[in-house]
Amino acid sequence: MQIVVMGVSGSGKSVVGEALAARLGVPFVDGDSLHSAENVAKMASGTALTDVDRAPWLDAVGAWLAAHQGVVACSALRRTYRDRLRAFAPAARFVQLNVDPQLLKARLDTRQHHFMPSTLLRSQLAIFEPLGTDENGVAVDNTGGTPEEVAARIPV
């Protein structure tokens, strides 16, 4: 079982992913912890990552997936990014967390101890490509309930 909890910043990938992993009794990793120091500094300064910046990070997330049966939180914003992850873990299942953009901004504005500023939300929304009907995954609303309640609604 290899699950990627995906979505833009503030969608709840980390908290829902951790709750899902606990529910399933498998390891969890927050993909943010796999970013290079350069990527973190770039985002912290308010600069959006490019595809070139993301490539080594996606490879690190993919390598984690290939080595584990578990859950990873990773934005996976574009189909090409998900394809890159699938090159490492072909059976990976994606869980897209959907949240209204105004609620996303409110969450980001109140979030503490995270390197990504709310000013980058617009750039993430601009490049976001929802799961295709031919992709192994499901979209789940994350606008109500605890992380555990949201995780309980995810079919695996």
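Start by selecting Asp 51 and Arg 54 in this predicted model. They sit three residues apart in helix H3 (residues 51–67), so about one helical turn separates them. Show their side chains: they meet in a salt bridge, 3.9 Å from N to O. Now switch on the surface. Is Arg 54 buried or exposed? Arg 54 counts as buried because its relative accessible area is 8%, under the 20% cut-off. Asp 51, at 39%, is partly exposed.

Keep Asp 51 and add Arg 78. Here's another salt bridge, with the closest N and O atoms 3.1 Å apart. This pair ties together distant parts of the chain: Asp 51 belongs to helix H3, while Arg 78, 27 residues away, lies in the loop between strand E3 (70–73) and H4. Arg 78 is partly exposed at 23%.

Next stop: helix H4. Pick Arg 79 and Asp 83, which are four residues apart, about one turn of the helix. Their side chains form a salt bridge too, 3.4 Å from N to O. Both are partly exposed, Asp 83 at 35% and Arg 79 at 27%.

Now grow the selection to Arg 79, Arg 82, Asp 83, Arg 86, Asp 134 and Glu 135, and you have a network of salt bridges. Zoom in on Arg 82, also in helix H4 (residues 79–88). Its relative accessibility is 0%, so Arg 82 is buried. Which residues does Arg 82 touch beyond its neighbours within four places in sequence? Among them are Met 6, Phe 94, Pro 130 and Glu 135.

Finally, zoom out: the protein has seven helices and five strands, and 44% of its 156 residues are buried.

Key: Residues numbered from 1 in each chain as written. Predicted model: local features only at pLDDT ≥ 70, side-chain atom pairs only at ≥ 80, totals over all residues. Heavy atoms only, no water. Helix = DSSP H or I, 4+ residues; strand = E, 2+ residues; numbered from the N terminus. Buried < 20%, exposed > 50% of the residue type's maximum accessible area, 1.4 Å probe, protein only. Contact = heavy atoms within 4.5 Å. Salt bridge = Lys/Arg side-chain N within 4 Å of Asp/Glu carboxyl O.
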